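Here is a walk through this structure for someone meeting it fresh. Have a look at the sequence and the model, then read on.

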Amino acid sequence: MSNISEDLKSGALVYHRMPRPGKLEIQATKPLGNQRDLALAYSPGVAAACEAIVADPLQAAELTTRANLVAVVSNGTAVLGLGNIGPLASKPVMEGKAVLFKKFAGIDVFDIELAATEIDHLVETVAALEPTFGGINLEDIKAPECFEVEKRLRERMKIPVFHDDQHGTAIIVGAAVRNALEIGNRKIEDLKIVASGAGAAAMACLNLLVTLGARRENIWVCDIEGVVYEGRETLMDPYKAVYAQKTDARTLGEVIDGAHIFLGVSAGGVLKPDMVARMADRPLILALANPTPEIMPEEARAVRPDAMICTGRSDFPNQVNNVLCFPYIFRGALDVGATDINAEMKMAAVEAIAALARETPSDVVARAYGGETRSFGPDSIIPSPFDPRLILRIAPAVAKAAMDTGVATRPIADFDAYLDKLDHFVFRSGFIMRPLFARAKQDKKRVIYAEGEDERVLRAAQAVVEEGIARPILVARPSVLETRLQRFGLSIRPGQDFDVVNPEDDPRYRDFVRSYIEIAGRRGVTPDAARTLVRTSSTVISALAVKKGEADAMLCGIEGRFSRHLRHVRDIIGLAPGVRELAALSLLITPKGNFFICDTQVQTEPTASDLAEMTILAAAHVRRFGIEPKVALLSHSNFGSNDTACARRMRGAYELLAERAPELEVDGEMQAEAALLPDIRERIYPHSRLSGVANVLVMPDLDAADIAYNMIKVLGDALPVGPILMGTARPAHILGPTVTARGIVNMTAVAVVEAQSEL
Ligand SMILES: NC(=O)C1=CN([C@@H]2O[C@H](COP(=O)(O)OP(=O)(O)OC[C@H]3O[C@@H](n4cnc5c(N)ncnc54)[C@H](OP(=O)(O)O)[C@@H]3O)[C@@H](O)[C@H]2O)C=CC1
Ligand SMILES: CC(=O)C(=O)O
Ligand SMILES: [Mg+2]
């Protein structure tokens with residue numbers, strides 16, 4: 001039995017049972033709402049797709065899901081470290097792999113559990129699946145049968161066949177060993193490696209370590225029978241025999257002395273503390289059996305505090321698990337229509353994973369692990385499974401290796417576009433934000449962040465510096481900054497990468513107070529109040545910096561009330577010429593498209609004239625995203641169907657806009673349905689000035705805007721960007737308490753581009 005806690009066990013059973021059994025479902029991706037859809041999806045229309053494939057089999061990649069469909073195939077003979085539990089009991093693991101493929105790399109999977117233990121039976125069955133799939137991921141099939149099964153299938157099939165427990169594990173072990181060598185400043189040629197396990201994972205890992213330079217004579221292998229030695233007859237096979245040593249030693253305990261690397265891919269608890277104590281100094285312990293490692297990290301650490309320790313589990317640092325590899329190696333292979341996953345593609349994955357661990361930690365990883373992140377070092381020798389950059393680094397490297405080695409049937413012509421596509425998968429904000437990022441980089445501006453000590457701001461500042469979109473100025477105490485940057489493993493440095501305004505001791509303090517009195521003295525701010533506010537309000541400091549031209553834009557509002565920040569911004573920075581009132585625009589990036597909503601924050605009950613003004617401001621902002629605004633003035637009424645005050649206000653706004661912004665594609669008043677479904681609009685009012693789906697939704701009042709915004713965000717699984725404060729004399733945005741580091745980076749790009757266009 002696995003030694004997982006009772007709590008985790010019962011939690012796992014509920015997770016699998018509720019709210020419906022299992023972890024997967026199949027979803028239709030095309031509409032099937034009427035007779036015509038039925039005729040297209042199925043008979044008779046479907047015949048056209050069939051005939052196109054008859055004429056050109058490559059069309060299957062265009063007309064069916066095949067090119068993105070992988071079979072996770074198991075016969076249940078070596079399921080995790082649970083052993084031969086059979087195909088039915090392996091199904092939760094295979095469904096789990098399917099979920100990981102989908103979530104981490106957008107790959108669709110059918111899990112296929114086969115009652116087939118004979119090699120021939122297994123090979124014939126899997127080979128017959130070729131028409132269905134773009135790739136085959138063999139899983140948890142025991143050694144030595146798995147070696148022959150994989151070899152024969154690779155020979156027969158023209159799609160990639162990849163035994164995950166062998167190569168997925170070997171790739172991640174290869175990356176971990178590579179980085180451990182770098183940290184320990186050691187050469188693999190000199191190291192003694194002791195493996196526990198001589199199965200699928202062990203053999204592939206050892207073979208890869210040999211490719212990386214390990215010497216066969218330095219490798220010692222033990223399995224359930226003990227040491228694999230020359231002349232041994234029980235439980236031997238030709239694959240193990242490669243590593244047989246001429247020795248009288250018979251147990252793991254007898255060969256572990258002086259080992260630099262322990263590679264455990266066998267069963268829980270086989271490595272004892274006294275064995276660890278006898279390993280070489282600064283040993284690397286890879287205790288990878290699942291779910292129970294060969295030794296628990298705390299036991300190993302107790303006897304060897306100098307050890308680097310990895311397990312296959314997510315509840316310890318250094319999770320060396322093939323989940324870091326299989327979704328992405330398949331992503332790269334499928335995207336070029338690879339016919340194989342060859343040695344070069346595997347090595348490209350090793351290099352990409354190892355290199356990623358050496359990059360600065362990502363904020364997404366920090367959130368996934370409760371705010372804690374580690375920089376490259378003994379407790380972080382490989383990336384975390386939640387690192388969103390895994391797909392961005394591994395898939396292109398693998399795709400390129402496939403192309404270089406001639407196994408790509410659909411080579412990628414435009415790698416930048418491919419990277420954009422992957423980026424979009426990771427950060428759905430990727431595409432829409434891209435033009436802003438590109439423009440921001442062309443002319444970096446100075447952006448001051450009022451809450452410069454906040455972890456999210458620091459992580460955002462790191463990304464802003466790395467992406468080169470702005471020069472950050474942080475309002476923060478230098479001593480706090482220093483400790484936090486270190487704690488979060490961030491590499492940006494004051495002076496070099498960003499500037500600091502120290503609210504407790506800044507030479508500009510008197511100057512700031514004087515300016516504040518000049519600006520706000522006539523709005524009831526006394527000199528005493530000005531002194532206190534400049535000392536205590538980082539929003540006031542930031543706004544003064546922008547006003548005085550020491551920064552080009554400001555971001556604030558992570559702490560405290562929106563209205564308080566708004567008052568300071570309005571008092572100090574003021575309104576842009578010709579603007580009578582501020583308003584806020586929020587972008588929602590949804591699976592169905594990108595929608596801007598206003599006014600989500602400022603004006604409770606705007607007049608027709610206010611609405612017209614905010615629409616014109618919104619249109620200018622939307623154009624900065626490279627999007628042509630299509631504005632719908634929303635109401636409960638459709639083109640005069642009701643004559644309430646509210647409907648009249650929206651109609652009034654339309655009339656003003658027709659006058660003031662005749663070039664703008666805008667219409668109203670209309671219901672949200674008419675704005676979003678052109679067919680419906682066409683039926684109600686065929687003469688609308690609006691074409692297609694509206695992308696700017698102007699709401700009649702703050703209640704409607706706020707409610708619509710939050711409902712779309714939650715029900716539509718949308719990513720928010722904003723709020724974008726419109727109408728200020730200089731760019732200033734109030735972010736709100738739930739903003740993420742990624743959100744701050746996005747708003748930095750918005751503010752920089754705004755600052756560029758106003759100068
Ligand atoms: N972290 C990760 O990413 C991965 C971890 N693993 C883990 O590695 C382990 C092996 O998987 P896999 O190679 O696919 O399975 P296999 O069945 O192919 O191999 C298991 C190997 O472990 C040996 N073994 C079993 N029990 C013991 C024991 N008590 N002492 C020493 N050796 C033992 C077996 O010996 P014999 O040959 O004599 O039967 C066999 O060589 C599992 O625990 C699995 O969870 C596997 C893949 C990925
Ligand atoms: C992780 C995995 O594939 C295994 O333990 O078998
Ligand atoms: Mg496995």
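Let's start with a definition: a residue is called buried if 20 or more other C-beta atoms lie within 10 Å of its own, exposed if 12 or fewer do, and partly exposed in between, with the C-beta atoms placed from the backbone. What you see is a predicted model, where local features need pLDDT of at least 70, side-chain atom pairs count only at pLDDT 80 or more, and totals for chains, interfaces and linings use all residues. Residues are numbered from 1 along each chain as its sequence is written, while chains are lettered from A and ligands numbered from 1 in the order in which they are written.

Now for the overall layout. The protein is assigned five stretches, with bounds that come from an automatic or database domain assignment: domain 1 (65-159), domain 2 (167-321), domain 3 (326-426), domain 4 (435-572) and domain 5 (583-727). Taken over C-alpha atoms, the centres of domain 2 and domain 5 sit 62 Å apart. UniProt, in an unreviewed entry, lists residues 21-154 as "domain: Malic enzyme N-terminal"; such positions are given in the numbering used here, feature names are shortened, and annotations may be inferred rather than shown by experiment. Over residues 21-154 the chain is 45% helix and 12% strand, and 34 Å lie between the end C-alpha atoms. Helices (H or I, at least four residues) and strands (E, at least two) are DSSP runs, numbered from the N terminus.

Next, the ligands. A residue counts as near a molecule if its C-beta atom, placed from the backbone, lies within 6 Å of it. Around ligand 1 there are 30 residues, and Ala-78, Gly-81, Gly-199, Ala-289 and Gly-312 come nearest. Where does ligand 1 lie? Domain 1 and domain 2 both give residues to its shell, so ligand 1 lies between them. Among the elements that each supply at least two shell residues are α8 (164-184) and β6 (219-223), but α9 gives the most, with three. Ligand 2 has Leu-80, Asp-140, Asp-164, Asp-165, Asn-290, Gly-312, Asn-321 and Asn-322 around it.

Here is how the two shells divide, counting Ala, Val, Leu, Ile, Met, Phe, Trp, Tyr, Cys and Pro as nonpolar, Asp, Glu, Lys and Arg as charged, and the others, Gly among them, as polar.

| Shell | Nonpolar | Polar | Charged |
|---|---|---|---|
| Ligand 1 | 16 residues | 10 residues | four residues |
| Ligand 2 | one residue | four residues | three residues |

What about the inside? A nonpolar core is a set of buried Ala, Val, Leu, Ile, Met, Phe, Trp, Tyr and Cys residues joined through C-beta atoms within 7 Å. The largest one has 125 residues, and Ala-349, Ile-353 and Val-398 have the most contacts inside it. A second, separate core of 112 residues includes Phe-512, Ala-612, Ala-675 and Met-726.

Finally, some backbone oddities. A cis peptide bond joins Ala-143 and Pro-144, with omega about 0°, and Pro-144 sits in the loop between β3 (135-138) and α7 (145-156). Another cis bond links Cys-598 and Asp-599, with omega about -5°. Phe-639 isn't a glycine, yet has a positive phi of about 45°. Is Phe-639 buried or exposed? With 20 other C-beta atoms within 10 Å, Phe-639 is buried. Asp-717 also has a positive phi, about 50°, without being a glycine. Asp-717 counts as exposed, because it has 12 C-beta neighbours inside 10 Å.
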